Structures are given as structure tokens and as C-alpha cells.
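Subject: Handover of a structure

Dear colleague,

Please find below the structure that I am handing over to you. My account of what was found in it follows directly after.

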Amino acid sequence: MAKELAKVALPPLWKRNPITVQILGVCSALAVTVELRPALVMGMAVVFVMGGTNLAVSLLRHWIPRRIRILIMLAVVASMVIVVDQVLRAFMWEVSKQLSIFVGLIITNCIVLGRAEGFALSNPPGRSLLDGAASGFGYAWILVLVGAWRELLGSGRIGGKEIVPIWLYDAGYVNNGIMVLAPGAFFLLGVLVWVQRSLSGYREGEP
Amino acid sequence: MAPSKREPLGSFAFAAMVAAVLGLLVSATANLLAPRIATNKEIERKKHVLITTKLLEPEARAGNATIERLYAKHITEKELDGALPLFLALDDEGRTSAICIPLAGIGLWGPIRGYLALDAGGRRVLRITFYEHNETPGLGAAISEQRWSRQWGGKSIVDQENQLTSIVVMKGKVDPLDAWQASHAVDGISGATITGNAVTRIVRTGLETYQSYLEGIWQKN
């Protein structure tokens, strides 16, 4: 039983990571990772949306008429996303403004519909919830890593806390401005994809 | 599609039910959280007024309670003829320390909103803040950054004869030898001329809107 659950929960975290292996959901990975905090909150938002969507779709899977299944899945994801957006605006106002449209754009993230269609439609609710949440976490830890690096290299801080000591600045060290902009995210993400795939032994074309 | 043995519910009926349930979920959430979100927006507005009138510094991490307290103690809200909002900042002795007016207009990519605070005499800029805009990141977006907006401090909005001149965002840098520019102009943002012109226009329009009130202040001082 535990082994079966591991088979569901572990691959999205490493071997079949949505961002580094499947190259899905990259757009928001570039946009919201300027600082660590918004990246973390975005990651959690995606975990919630994916877990919730997979659970709902799985519960309804015997009832959804085939022809409108994409429509139904979209409706579920859209509702989840709206709920998350409202909750963020109510309880984490500052971060919600940093995330702005990207919470709403979670619905365009291929991972969400991909798992709903590919897993939740044909698996029981418990497993589907686990699969959704695990995929969300696989996405989230990449975001957190990129966010931490970009904030450190681009602003000298992590999570808002000054890390780079003043004496280093005085000695001539300068924050890397490109890390605050999208190209910096591109470079970091590219390197991360390369490193993660090398470590996990992923080969193109293998299932 | 019609119900069949394999699919017990017709597509239409199913879709309608799902829509109803999801609609209920979403609107319930929105309604439940609406008061909190409105409070957040109001706190943010108060925070901007406090920052513009120099009662709060932008980097300061102030909680909601602090902002409410500062605002209640130091800010008087007034409404002039024509439903014009005005904010007066009071110091600890109850004397006016700043006059704050809202700014609003169209920038390059979308609306620009901000506040302009003048000192008690109403002639010099205390601080200007732009809290909402869609200007180009790295270029026009500099208007909401301290490194650009702090040069507004101390600039004059009137000339020697107490006529309204407003403040001009230059194309390029202010010539320090030109007396008029030194008191009435600020450096432009290179690569963001249109945004700069929009700011010039928005500040002028804002001041003209409150001109009769300000003239009253200038006459008294």
C-alpha cells in the first residue's frame, strides 16, 4: 500500500518533475520568482488548485459525460483559482499584489489539466488528490529554488532578510540586476533543468 | 447529449448542476471574504496617504493597527466643493503639517494614481507617490521608485507672483544653473519620455483642480 502511494507521490517530485522534465508551467516560474516569498505562496496556491481539482474530478469521474469533460475540468480549475485568489487577497494582501494576474493564470498551466485528464479521470479520489498535490509540490520546489537564487543574486536578500554583508558591497560587489528580470530567470531555469536531468538520469524520448 | 445507459446524466443537466455548485462555492467565498478585502484596500489607501505626508516611511513595516492609529491621529479628511477629497496631515500639536491631494490620470499603458503632498504653506512639494500604474518595468515604472520620486521634495509649484506653475518632468536632466528649472523641474527618466510627460500632465491637472483651495492657502501665508 505504501509502495503504491509512493509510486504516485514521488515521480512528480523528481523523476517526472513538471517543470524540469516535462517543461510545463514555465511561464509563471519565470514571472513570480523575483523573490522567494511570492514564489513560495504561488507554489502553495498551485498545490491547492491541483489537489482540489484532481479530487473533485476524481469524485465526479463516473458521472462526467465524455463530450464535456474538458469543459467540466476547466470549470473546476477556474473555480479553485478564484477561491485561492480571494483567499490570498483577504489574508496575504501584499503578496497577492506581487502575484497579481499569475494566480488567475494558474488555469493556463498545462500541468493542472494534464493531471486532471491523465490521472484523476481514471483513478480513485485519494490517489488523485495525492497525485495532484505531489505534482504541485514538484512545481513548487523548483519555484522556491529559483526564487531564492534570484532574490539572493538580484537583491542580496532571501525572504526579505539581508544576506549579503555590507562589507562585501563596500568591497565592490554589486547585485546582479539581470536576475531581477526575466532573462535571469531563463538562465537559472535552464541550468536547473540541466542539473536536475543529469542527476535524475532522464533521457529524452524515454517514457 | 441525451442520457444513455453508460452515461446516466445528460450533458446539459450535468453541466448545469456542476455550474450551480461551483457558482455557489465561488460566490460564497467572495461574499465571505469581501469585507476583509475591502479593509485591506482601505488600509493600503491610508498607508499611501501616510507615506506621502511623510508620517510613515516606505520601507517601514507597519502593521494594520499602526496604520489605523497613525491615520486616525494625524490625518483629517476633507471634502471640497465638487466632491474633491483632501487630506490634511496634522503634527502632534494639531497644526497642519501637510496638504495631500490625490492624483489620477492616464499614463502610457494604463491609469496612473498617486498622491501629492505639499508643505503647510502649500507652495512646496513634500513628497509625491505613485501607487498604481502599468508603466514599463525598468523604464516608466521608475516613477514609483524612491530614487526618482525623492527629487520632487522641495520643488515649488508657484512662481514669485504666486501663480501656479506646477512641476515639469524634463526630457533629460535638469540644468542646475537654470534657476527656473532648479525650482520647478525634475529629471526625466531616460527611455520613458511619454510616461514623464504623462506625469507632468497629471500633476498639473491635479493642482489645477485644487487651485481655488490652494490659492486660499497661499494668501493666508
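Chain B has a radius of gyration of 24 Å, whereas a compact globule of 221 residues would have one near 17 Å. The radius is taken over C-alpha atoms, and the globule rule is 2.2 Å times the number of residues to the power 0.38. The C-alpha trace of chain B spans about 90 × 45 × 35 Å along its principal axes.

Please note that this is a predicted model, in which local features need pLDDT of at least 70 and side-chain atom pairs count only at pLDDT 80 or more, while totals for chains, interfaces and linings use all residues. Residues are numbered from 1 along each chain as its sequence is written, chains are lettered from A and ligands numbered from 1 in the order in which they are written, and side-chain values use heavy atoms, with hydrogens and water left out.

Chain B in outline

The secondary structure of chain B consists of six helices and seven strands. These are DSSP runs numbered from the N terminus: helices are H or I with at least four residues, and strands are E with at least two. Read from the N terminus, the order of elements in chain B is α-α-β-β-β-β-β-α-β-α-β-α-α.

Of the 221 residues in chain B, 42% are buried. Buried means under 20% relative accessible area, exposed means over 50%, and partly exposed lies in between, with a 1.4 Å probe and protein chains only. Among the contacts in chain B with a separation of 6 or more, 48% are between residues 24 or more positions apart; a contact means heavy atoms within 4.5 Å.

The area that chain B exposes is about 12000 Å², and 56% of it is supplied by carbon and sulfur atoms. Accessible areas come from the Shrake-Rupley method with a 1.4 Å probe, and for residues only the protein chains shown count as cover. Chain B carries 25 positive and 23 negative charges, whose mean positions are 7 Å apart. Lys and Arg count as positive and Asp and Glu as negative, while His and the chain ends are not counted; the place of a charge is NZ of Lys, CZ of Arg, CG of Asp or CD of Glu.

Two residues of chain B with positive phi

Ala83(B) is not a glycine, yet it has a positive phi of about 55°. Ala83(B) sits in the loop between strand S1 (75–80) and strand S2 (84–90) of chain B, and with a relative accessible area of 53% it is exposed. Ser166(B), also a residue other than glycine, has a positive phi near 60°. Ser166(B) belongs to the loop between helix H3 (146–149) and strand S6 (168–169) of chain B; its relative accessible area is 1%, so it is buried.

Chain A in outline

Chain A contains 10 helices and two strands, in the order α-α-α-α-α-α-α-α-β-β-α-α from the N terminus. Its radius of gyration is 18 Å, which agrees with the value near 17 Å for a compact globule of 207 residues. The C-alpha trace of chain A spans about 65 × 45 × 30 Å along its principal axes.

Buried residues account for 45% of the 207 in chain A. Of the contacts in chain A between residues at least 6 apart in sequence, 76% join residues at least 24 apart. Chain A exposes about 10300 Å², of which carbon and sulfur atoms supply 69%. There are 18 positive and 11 negative side chains in chain A, and the centres of the two sets lie 10 Å apart.

One residue of chain A may be described in detail. Arg197(A) lies in helix H10 (residues 182–200) of chain A and, at 16% relative accessibility, counts as buried. Leaving aside residues up to four places away in sequence, Arg197(A) touches Thr20(A), Val21(A), Ile23(A), Tyr202(A) and Glu204(A).

Aromatic pairs

How many aromatic pairs does a search of the whole structure find? There are five over all chains. In Tyr169(A) and Tyr173(A), the ring centres are 5.7 Å apart and the planes are at 55°, so this pair is tilted. Rings of Phe, Tyr and Trp (its six-membered ring) pair if their centres lie within 6.5 Å; planes under 30 degrees apart count as stacked, over 60 as edge-to-face and the rest as tilted. Tyr169(A) is partly exposed at a relative accessible area of 25%, and Tyr173(A) is partly exposed at 30%.

The rings of Trp148(B) and Trp152(B) have centres 5.9 Å apart and planes at 70°, so this pair is edge-to-face. Both Trp148(B) and Trp152(B) are buried. In addition, Phe87(B), Tyr115(B) and Tyr131(B) form one aromatic cluster.

Yours sincerely
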